[in-house]
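This report describes the strands, helices and nonpolar cores of one protein chain. The sequence and structure are shown first.

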Amino acid sequence: MNPPAFQRALDTLREILDGPGPRPELDLEDMPAPQSLAPYAAALSGSVYRDDDTEVAMGRLIVLYDPDGAKGWTNGFRIVAYIRADLEPDIAADELIGSVAWDWLLEALEPAGYAGVSGTITRAVSESFGDKRDEPSTTELELRASWSPTGDDLAGHVAAWCEVMCTTAGLPPAGVSALPDRPGGAGP
């Protein structure tokens, strides 16, 4: 039997998975959670798709619970997030993209309440050689972060992770439409 606090977290995750998706471009699924990090764990995976069904970002969100807490945690919960998103080469070359992506995370988490946040941002360029030499170079951003929620409701933390995943994928904020390409105009 799960402790009541963790059961509430599981119920919240189930409500999110069974409810209407946060955005039509975002697909969320339940996934197996690592069992060696805490006595109780649950996990979600997510993918962001463009109109042509091309995956442009993916991520995992892991909810850890230890009734006794753990070193560095401010309470019994710790959330671990991973996001990988394709980037345009000119954006990947911007030396500030790591700081900007970190700010996206902190701004998204603020309404939910968090403490003890830490993480890394990685920019990567992949080049192809040999038989793959004709494949174009790719650039991507990876965000790895963990934090402790300051409240009991995890819905805001899942929403923040979803928001950052969509933002790193280049989508406009929820409820805002992107301007269409126009002849003679600068399109996205």
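## The β2-β3 hairpin and its neighbour

In this predicted model, β2 and β3 are antiparallel partners joined by ten bridges. Within this pairing, Leu44 has Leu61 of β3 as its bridge partner. The two strands form a hairpin, and five residues lie between them. Asp53, located in the turn, has a positive phi of about 65 degrees.

On the pairing with β4, β3 runs antiparallel to that strand, with nine bridges between them. Here Leu64 is placed opposite Arg78 of β4. Nine of the eleven residues of β3 are buried, so the strand is largely enclosed by the rest of the structure.

## The sheet as a whole

Six strands make up an open, antiparallel sheet, and their order is β1-β2-β3-β4-β6-β5. The edge positions belong to β1 (residues 26-31) and β5; each has a single partner strand, so one side of each is left without a neighbour in the sheet. On average, neighbouring strands are turned by 15 degrees against each other, direction ignored.

Eleven bridges connect β5 and β6, again in the antiparallel sense. In this pair, Val125 lies opposite Thr139 of β6.

## Helices on the sheet

Helix α3 packs on the sheet and touches β4, β5 and β6. The direction of α3 makes about 145 degrees with that of β5. Helix α4 lies across β1, β2 (40-49), β3 (55-65), β4 and β6, and runs at about 15 degrees to β4.

How far apart should the end C-alpha atoms of α3 be, given its 13 residues? At 1.5 Å a residue, helix α3 (residues 97-109) should span 18 Å, and its end C-alpha atoms are indeed 18 Å apart, which agrees. The buried residues of α3 are Ile97, Gly98, Ala101, Trp102, Leu105, Ala108 and Leu109. Because these residues cover an arc of only 140 degrees around the axis, they lie on the same side of α3. Their packing partners are β4 (77-87), α2 (89-92), β5 (114-126), β6 (138-149) and α4 (155-168).

## Nonpolar cores

In soluble globular proteins, nonpolar side chains tend to be buried together. The largest nonpolar core of this model has 42 residues, of which Val48, Phe77, Leu105, Trp147, Val158 and Trp161 touch the most other members. At least two residues of this core come from each of α1 (4-18), β1, β2, β3, β4, α3, β6 and α4. Helix α4 supplies the largest share, seven residues.

Leu105, one of the buried residues of α3, touches Leu143, Ala145, Trp147 and Val164 when residues up to four places away in sequence are not counted. Apart from the largest core, there is a second, separate core of seven residues, including Ala33, Ala38, Ala41 and Ile62.

## A buried arginine

Is Arg23 buried or exposed? Arg23 is located in the loop between α1 and β1. The relative accessible area of Arg23 is 12%; a residue counts as buried under 20%, so Arg23 is buried.

Leaving aside residues up to four places away in sequence, Arg23 touches Cys166, Leu171, Pro172, Pro173 and Ala174.

Note on methods
Residues numbered from 1 in each chain as written. Predicted model: local features only at pLDDT ≥ 70, side-chain atom pairs only at ≥ 80, totals over all residues. Heavy atoms only, no water. Helix = DSSP H or I, 4+ residues; strand = E, 2+ residues; numbered from the N terminus. Expected span 1.5 Å × (residues − 1). Buried < 20%, exposed > 50% of the residue type's maximum accessible area, 1.4 Å probe, protein only. Arc of directions from axis to C-beta. Contact = heavy atoms within 4.5 Å. Pairing = 2+ DSSP bridges. Axes fitted to C-alpha atoms, helices over the stretch in contact; angles between N-to-C directions. Core = buried A, V, L, I, M, F, W, Y, C linked by side-chain atoms within 4.5 Å.
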